[in-house]
Amino acid sequence: MAYGMVLLVVLLLLLLVLGVLVLLLLVVAVCPGGMAYTNRYCPWAHRAHIALSELGLEFDEVSIDLSKPREAWYLAINPRGLVPALKIGDDEILIESGIITQYLADVYAPRLLPATGSAAAALQRARISLFVDVFASAFGSALTGILIAARTTAEKEAKAHAVVAAVKRDLVPLLADAAPFFGGSKELTLAEVNTASFVLRVYALGTEEYGWFPSFLLKELKEIEVWQKWVDALLAQKSVTAIWNQQENAEVWRSKLAKLEEERKV
Ligand SMILES: N[C@@H](CCC(=O)N[C@@H](CS)C(=O)NCC(=O)O)C(=O)O
């Protein structure tokens, strides 16, 4: 009898260990969190951070110093030398922020993006892609377009007016059913994952304190109700602001702009 009990306990323990092992294997096989090669001041890399954070994935962060040439080991990971890159498992590497976030969204569908397989899902996926695409031309270039490409005050103001007009004309219609996120979602979707880092930077660095953007830009953007409701919801998300350090980002831009000015003097 006692022998039978011991056998049963041993059997149960074995089953438990086996269960834990299977679970661990599943986590390793399915969880692509892996290793993220990133730079916290880069809006493209920030996209990957937001996706990983929204999906609750653990990953090791390797910070790439963009102020000096990439070393050979990193060029072996991404021959273009850009961040972000994501290492999955032992030898799979993904590069390009939009591809990385799309991959993560697909593996963990439907949290950020509906899985393929129905016409309704295909339509929602297409709508999200369209939003990200339209955002890129309407607002995505606001940061570099105003801070770098536009040189004179007149050029900066013209670009800022164009951004406000494009938000009203192109983005507001696509955000009409946002509640608070894209397409009526209560949680962030891939639409926000791929755009939030740019919105955050313009709102955080566009204040008069820095004087880098025409002061009417934020004022006029905030008056666009549908847009601003979406922005407020976006900027209140922990996954969006988690890696943001206002002071450090401002410092990075300050030195980038000073360097640019020096180069243009020559
Ligand atoms: N299309 C790329 C753009 C990434 C990109 O431009 N990253 C910048 C930092 S924000 C970079 O790595 N630049 C290299 C350098 O500054 O030397 C993506 O979406 O991942």
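# A tour from loop to pocket to helix

Start by selecting Pro-110, which sits in the loop between helix H4 (97-107) and helix H5 (119-140). Helices (H or I, at least four residues) and strands (E, at least two) are DSSP runs, numbered from the N terminus. Now show the backbone just before Pro-110: the peptide bond from Ala-109 to Pro-110 is cis, with omega near 10°.

A word on what you have open: this is a predicted model, where local features need pLDDT of at least 70 and side-chain atom pairs count only at pLDDT 80 or more, while totals for chains, interfaces and linings use all residues. Residues are numbered from 1 along each chain as its sequence is written, and side-chain values use heavy atoms, leaving out hydrogens and water.

**Zoom out**

Show the whole protein chain. Its C-alpha trace spans about 90 × 45 × 30 Å along its principal axes, and the chain holds 13 helices and four strands. Try colouring by domain: domain 1 is 1-29, domain 2 is 31-107 and domain 3 is 119-265, with bounds that come from an automatic or database domain assignment. Taken over C-alpha atoms, the centres of domain 1 and domain 3 are 52 Å apart. Of the 266 residues in the chain, 41% are buried. Buried means under 20% relative accessible area, exposed over 50%, and partly exposed in between (1.4 Å probe, protein chains only).

**Select the ligand**

Which residues are around the ligand? Select Cys-42, Trp-44, Leu-66, Arg-70, Leu-82, Val-83, Pro-84, Glu-96 and Ser-97; each has a heavy atom within 4 Å of the ligand.

Now pick out the polar contacts (pairs of N or O atoms within 3.5 Å; within protein, one must be able to donate a hydrogen and the other to accept it, and residues adjacent in sequence count only if both atoms are side-chain atoms). A side-chain N or O atom of Arg-70 is 3.0 Å from a ligand oxygen. Val-83 uses a backbone N or O atom, 2.9 Å from an oxygen of the ligand. The side chain of Glu-96 has an N or O atom 2.7 Å from a ligand nitrogen. Taken alone, the ligand exposes 510 Å², and the protein buries 70% of that. Such areas come from the Shrake-Rupley method with a 1.4 Å probe; for residues, only the protein chains shown count as cover.

Stay on two of these neighbours. Val-83 and Pro-84 are joined by a cis peptide bond, omega about 5°, and Pro-84 is in the loop between helix H3 (72-77) and strand E3 (85-88). Glu-96 lies in the loop between strand E4 (92-95) and H4. Its phi is near 75°, a positive value in a residue other than glycine. Is Glu-96 buried or partly exposed? Glu-96 is partly exposed, at 34% relative accessibility.

**Move on to Leu-86 and Arg-125**

Select Leu-86 in strand E3: it is buried, with a relative accessible area of 2%. Then jump to Arg-125 in helix H5, which is also buried, at 15%. The side chain of Arg-125 makes a polar contact of 2.9 Å with the side chain of Asp-106.

**Last stop: helix H1**

Select Leu-12 in helix H1 (residues 2-30). Leu-12 is exposed, with a relative accessible area of 53%. Add Met-5, Leu-8, Leu-15 and Leu-18, and together with Leu-12 you have a nonpolar surface patch of about 520 Å². Patches are made of residues with over 30% relative accessible area and no salt bridge; like charges are joined within 9 Å, nonpolar side chains (Val, Leu, Ile, Met, Phe, Trp, Tyr) within 5 Å. A salt bridge is a side-chain nitrogen of Lys or Arg within 4 Å of a carboxyl oxygen of Asp or Glu.
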